[in-house]
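Here are a few short exercises to work through with the model open. Try each task before you read its solution.

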Amino acid sequence: MSHRLPTDAEIEKLITQVYEGMPSPEQSRLSSIESQLLKNIKINKEKNLNKIPWWIVLVLTGGFATAAWWAGEVWFINEDEKQQQEQLNLMNESRTGMNTEQQNKQELQKENESYQRGDTPVIYQREYF
């Protein structure tokens, strides 16, 4: 004995018959279900209020404090460096004497003379066998 499976059209017809045969929803029943759901939601909200673990709050607070401290240090260090650079620039501008081009030429000549003499120490020398 084999069972016959219903076709899609037959299933659709059965579902529509059951749906049409159901009574229409009553407003009083719907409002009571709604009120019960709202009560459950309020109770759950009250229970879950302020349930953040203390260590998460501690870690976040420490992270923010560390970030603020680091940002302040970086900002103040940059300000100090800017002030020092400005002071160095003012000192270099106030110097009198030779022009910077003449100083560079003399330094280059001194370096060239020291290398041309050939009396520099040997740092690395390859040996041939």
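**Exercise 1.** Work out what share of the protein counts as buried.

Solution. Start with the cut-off: buried means under 20% relative accessible area, exposed over 50%, and partly exposed in between (1.4 Å probe, protein chains only). Of the 129 residues, 0% count as buried. Next, take the surface: the protein exposes about 13,800 Å² (Shrake-Rupley, 1.4 Å probe), and carbon and sulfur atoms supply 57% of that.

A word on the ground rules: this is a predicted model, local features need pLDDT of at least 70, side-chain atom pairs count only at pLDDT 80 or more, and totals for chains, interfaces and linings use all residues. Residues are numbered from 1 along each chain as its sequence is written, and side-chain values use heavy atoms, leaving out hydrogens and water.

**Exercise 2.** Lay out the secondary structure, then check the span of α1.

Solution. Count DSSP runs (helices: H or I, at least four residues; strands: E, at least two), numbered from the N terminus. You get four helices and zero strands, in the order α-α-α-α. Now α1, residues 8-21: its 14 residues reach 20 Å from first C-alpha to last, close to the expected 20 Å (1.5 Å times one less than the number of residues). None of those 14 residues is buried, so α1 is hardly covered.

**Exercise 3.** Find where V59 sits and whether V59 is buried or exposed.

Solution. V59 belongs to helix α3, residues 54-94. With a relative accessible area of 56%, V59 is exposed.

**Exercise 4.** Decide which helix scores lowest for confidence.

Solution. Use pLDDT, the predictor's confidence in each residue, from 0 to 100. The protein averages 79, and 78% of the residues score at least 70. Helix α4 (residues 100-117) has the lowest mean among the elements, 72, while α1 has the highest, 92.
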